[in-house]
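Subject: Structure for your review

Dear colleague,

Please find below the structure that I am handing over to you, followed by an account of what was found in it. I would be grateful if you would read the two side by side.

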Number of protein chains: 2
Amino acid sequence: MTQRCLIVVPTLSTKQIAKKQVDRNLMKFEAVTIKDIAKELGLSTSTVSRALRDSYEISAETKKLVLECAERLQYRPNPIALSLKEKRSRSIGVIVCEIANSFFSQAINGIESVAYTQGYNVIITQSHESFDREVTDLDFLASRSVDGLIISVSSETQDFEHIKKFHNRGLPIVLFDRINEDIATHKVTVNNFKAAFEATMHLINGGMRRIACIVNPSHLSITKERIAGYKQALADSGIDYSDSLIKYCTKGGINGAEVEVAVNELLDLNPRPEAIFGLSDKLTVGAFKTLQSRKIKVPDEIAVIGFSNSELTELLSPSLTVIRQPAFQMGEIATQRLISLIESKRPSHDFIKEVLDTELIVRQSSVKPLGRVKSSGV
Amino acid sequence: MTQRCLIVVPTLSTKQIAKKQVDRNLMKFEAVTIKDIAKELGLSTSTVSRALRDSYEISAETKKLVLECAERLQYRPNPIALSLKEKRSRSIGVIVCEIANSFFSQAINGIESVAYTQGYNVIITQSHESFDREVTDLDFLASRSVDGLIISVSSETQDFEHIKKFHNRGLPIVLFDRINEDIATHKVTVNNFKAAFEATMHLINGGMRRIACIVNPSHLSITKERIAGYKQALADSGIDYSDSLIKYCTKGGINGAEVEVAVNELLDLNPRPEAIFGLSDKLTVGAFKTLQSRKIKVPDEIAVIGFSNSELTELLSPSLTVIRQPAFQMGEIATQRLISLIESKRPSHDFIKEVLDTELIVRQSSVKPLGRVKSSGV
DNA sequence: TTTAGGGTCGGGAACGATTGCGTAAAAAAA
DNA sequence: TTTTTTTACGCAATCGTTCCCGACCCTAAA
């Protein structure tokens, strides 16, 4: 339809027409360029370009002509040519461990919403909790010339050199959730210490003392902070800490088997723990699932509490007490920071570490029927 | 580190050095180009390019030299320049209504896994069940010159002209889940008729006759097919169909309020329906949630069954009987088809509509404790 | 009448990579 | 030794767009 206009234009040589025709037959998506407008109107590409950008050196009539023609031909500027010229792609890369995880899908929602309004593409990759895959993803995204990166590292990631490498080269990067203090850039996280502290206190106030944790690898920032909050709550309540109550899942519970093993080990303990605290979404749900399949009564035999952003936790039986993170908001903030980093003329040196508050939602799974409930949580 | 090599090269003019220096200070990510290698080695860019592509017209020594230099300078080809030249971006766009929906996040997982291995980027956008947003997304993606598109339309989409427009222009498109028969291209879907038929039969076999449905807008392909399956099951069982038992949710249950209203209307019916059939993920979960909050006993007072890909449905109380779609596989197939479309030399005219089977997972919510259970489902 | 200057526009280089074509030097054949 | 062939490389155009640098015409001041 729009292309047909081009064919009737006398200034198009037969050769050119033939070329467009062939492309048409091959059904390849051939976009209208600034050249087509120029030929249609007998102008130069520079004039057309300037007219479209509303430059002062183009007369009003010419502008009108060009604009009208662009509209008629359905001209769309080619972002790839722009990218090549401006050395930016207006796209940002995201690396998370998994999309099919409520926390991350909500965070991505936040990322996407901000990126969209600012005219940026979002390219999402998943590390699947694998360090190697994370490195590959990073190379991939950097080589696809994204303008910046939002990263939550995999559970296997101990070494951050692969990220530092690009960061040192000047690629804007924002870290969220699982962060690293050594990299000087914006970070977005929650108050993991406080969240874990409050959750643990909630259990302790409910009369429990043997509180087990199922956690991600110890080298992750979130693990350290959450464990610290847990320990602080124990210490404040005069409860001894025991290593035997902490079970690590190296793959972050991405496969259920790992969590199952951890839960079973905890159940074999003598005396059994009175509660299980899941230190991340997958771990909480995984632990709950294992307890259900083993017909362990929650919270009677063992209470459950944990981090989770799934919307279904309140419908579980018993309904699950969770720590909910402002995932969407985290994604929004991370993206705003990243874009400001990308668009700033000169490198900034004061970086913000945004620490958001979590929400403890107390439901059935953490309240023993006979327990003395002194507090309802927050 | 790598850039420093450039500075010591004598063939670089002072002006060029100054330029790189400034960029360095501005901390802008300046990539190594083929030119840098050429200057470093005193070769032409064409020779370097050919050496890197292992052309036969380049001597073995030169190749070795270039390869070594490229490695040392950490040269990465600029995909944007490639895209401009080859008129392809090696990226595919995805439009779904929502990422934070198990079905779609799993489908995206499938899409991403195939795209990744084939060297394609995935750019994800969400329509949030809005037709306008879908049109905007489409324009956005097309203007970002994606090589192809994978689309599941929004619940508001009745008119497919916006998609046809790009399809007719030759942009490869694959439809999945919510499809349209008028567009001649590959499609990936499930046997919705059979899925709904089986689910309905399962309820009927359990002794229920007044089976209500909560559904997406009637113009969607999946709605039509599922309703047809439902009606067929009723007809085969000699049960009269009643319009009053079908409740439409125009926004596909993206906000819970809509579903709540629908469920409440069903509960006000006299006599009350014996079962509620949720015809999509959000609707099933939303209906269940509403029933829970209203303290309606499931399945005793009312049974629940529905489409859902959430992994938590088995942990609900009662555990939820669901129809599970092979979402990951659907994403994989759609992407394979799309890439073959993109990479085919000439336009194909025989398109495949892939229809996959669903899985009915019978659990507690659909089985009345006193009902005569004749069949366990499939 | 000449010239300075503003208003409009075109030419051409650039962004990074590929590629057809031309060509020097080296090797092979005469 | 001369001619032909092969080897190995450079030049320049190309993709779509922007932008610097002229260049033209017309008007107004000198």
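In this predicted model, an N or O atom in the side chain of A:Lys85 is 3.5 Å from a base nitrogen of DNA strand C. Several elements give two or more residues to the surface near this strand: in chain A they are helix H4 (45-52) and helix H6 (79-86), and in chain B helix H3 (34-41), helix H4 (45-52) and helix H6 (79-86).

Two further polar contacts deserve your attention. A:Ser46 has a polar side-chain atom 3.3 Å from a base nitrogen of DNA strand C. A:Ser59, by contrast, uses a backbone N or O atom, which lies 2.9 Å from a phosphate oxygen of the strand.

As to the surroundings as a whole, DNA strand C has 27 residues around it, and the closest are A:Thr47, A:Lys87, B:Ile34, B:Ser49 and B:Arg53. Of the strand's atoms that come within 4 Å of the protein, 59% belong to sugar and phosphate. The surface near the strand comprises 9 charged, 10 polar and 8 nonpolar residues.

Finally, a word on confidence. The average pLDDT of chain A is 88, and 90% of the residues score at least 70. Residues 1-27 of chain A, however, have a pLDDT below 50, with 42 contacts in the model beyond near neighbours in sequence. Residues 371-378 of chain A also stay under 50, and the model has 17 contacts for them beyond four places in sequence. Where pLDDT is low, predicted coordinates should not be read in detail.

Yours sincerely

Notes. Residues are numbered from 1 along each chain as its sequence is written. Chains are lettered from A and ligands numbered from 1 in the order in which they are written. This is a predicted model: local features need pLDDT of at least 70, side-chain atom pairs count only at pLDDT 80 or more; totals for chains, interfaces and linings use all residues. Side-chain values use heavy atoms; hydrogens and water are left out. A residue is near a molecule or strand if one of its heavy atoms lies within 4 Å of it. A polar contact is a pair of N or O atoms within 3.5 Å; within protein, one must be able to donate a hydrogen and the other to accept it, and residues adjacent in sequence count only if both atoms are side-chain atoms. Helices (H or I, at least four residues) and strands (E, at least two) are DSSP runs, numbered from the N terminus. Ala, Val, Leu, Ile, Met, Phe, Trp, Tyr, Cys and Pro count as nonpolar, Asp, Glu, Lys and Arg as charged, and the others, Gly among them, as polar. pLDDT is the predictor's confidence in each residue, from 0 to 100. Contact means heavy atoms within 4.5 Å.
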